[in-house]
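Thanks for making time this morning. I would like to walk you through one protein, going from a pocket to the core and then to a single helix, so please have a look at it first.

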Amino acid sequence: MNFFNDCQITWLAIASSNDLLELLQLPSIQRAIVGAALMGILGGMLGSFVTLRQLSFFSHAVGHAALVGVALGVLLQINPTWMLLPFTLVFGVIVLYFIDKTDLASDSILSIVLSGALAIGLILTSLIKGYRGNLMAVLFGDILAINTTDLILTLLILVGGSIFLLSTLRQQILLTLNPDVAQVQGVPVQLYRYAFVILLSLAVAVAIKAVGILLVNAFLVIPASTAKLISHHFSRFLVMSVIVGSISSIAGIIVSGLFNLASGPSIVLVQFLLFVAVFIWFKLTLKAA
């Protein structure tokens, strides 16, 4: 009986290996893995600042409000990606402007604008007749549909964002930890805030194709939160966030391909399980110490 079980396990392992090798030979899977790696690096890098600056609700609002851009793209028969980019960019800047120019709390502004944009998006969605495949793919993510243009766009945003954040890292850290001190020391706080919001909005727009509108916020927050459990030193935390983001994204794509699951939920599920594993490991380590 044990011999039979061992043979069955070995056969399943060989079959899974063959399936994986066949998957990796598909151009769509290759593009998806490259895209997942790029988006994972971008999400991990920005997510580290998002979590420390408590902007997770902001990225959540931008992601959900992107439904308006998607619905407009489908109605106007324009590639939803090209509608997402300008819409999320304008939306992010407008929300930050409202936060700066009113006495209301930022979460109140975000809730109001998010609710309004989501209502408009749902109304526009109801106007769409016939096939809604493009809309569903953007809602839940379909990184297998990623093309060369998407990869180039993601790479450009990643390179531009990396240059901006790393060349101003000292100022960014100071702005993250204490904006008032940063202002006194001559850091252009408003300029950096708006630049980061623009970068974050663009990152949300490109990540939506991989993980979908419904899960894009988790894609940014979970890797950074996992990295924060591992290290509280900012440089190591930033590096770990990028590593966790990229590796979990690639693993999610492989899981998605092997088990024929949606890419967005697969990536976020892998990230969530990794977070739980790291959390439990640290809890057990602390108890043992």
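Let me begin with a question: which helix supplies the largest share of the lining of the largest pocket? Before I answer, please keep in mind that what we are looking at is a predicted model. The answer is α10, from which four residues of that lining come. The pocket itself holds about 410 Å³ of space, and of the 18 residues that line it, those closest to its centre are R53, Q54, L55, L96 and R193. Helix α10 has company here, since α3 (56-75), α4, α5 (106-126) and α8 each supply at least two residues of the lining as well.

Stepping back to the whole protein, the secondary structure comes to 13 helices and zero strands. Of its 289 residues, 45% are buried, and if we take the contacts with a separation of 6 or more, 76% of them join residues 24 or more positions apart.

That brings me to the interior. In soluble globular proteins, nonpolar side chains tend to be buried together. In this model the largest nonpolar core has 76 residues, and the ones with the most contacts inside it are L42, L46, F91, L165, L200, I208 and I213. Here α10 appears again, giving the most to this core with 15 residues. To take one of the core residues, L200 is in contact with L46, V50, F58, S59 and L220, once its neighbours within four places in sequence are left aside.

Now to helix α7, residues 148-167, where we can make a simple check on geometry. At 1.5 Å a residue, its 20 residues should span 28 Å, and because the C-alpha atoms at its ends are 28 Å apart, the model agrees with that expectation. At the N-terminal end, N147 acts as a cap, with a side-chain oxygen 3.1 Å from the backbone nitrogen of T149.

Which residues of α7 are buried? They are D150, L151, L153, T154, I157, L158, G161, S162, F164 and L165, and these buried residues pack against α2 (27-52), α4 (80-101), α8 (169-177) and α10 (189-211). An α-helix has 3.6 residues a turn, so residues three or four places apart point the same way.

I will finish with D150, which sits in α7. We call D150 buried because its relative accessible area is 9%, and the cut-off is under 20%. Not counting residues up to four places away in sequence, D150 touches T81, A145 and K209.

Notes. Residues numbered from 1 in each chain as written. Predicted model: local features only at pLDDT ≥ 70, side-chain atom pairs only at ≥ 80, totals over all residues. Heavy atoms only, no water. Expected span 1.5 Å × (residues − 1). Buried < 20%, exposed > 50% of the residue type's maximum accessible area, 1.4 Å probe, protein only. Contact = heavy atoms within 4.5 Å. Polar contact = N/O pair within 3.5 Å; in protein donor to acceptor, adjacent residues only side chain to side chain. Core = buried A, V, L, I, M, F, W, Y, C linked by side-chain atoms within 4.5 Å. 1 Å grid on protein atoms, 1.4 Å probe; cavity = no way out; pocket = protein on both sides within 12 Å on 5 of 7 lines; lining within 4 Å. Points joined across faces, edges and corners; volume = space filled by probe spheres on them.
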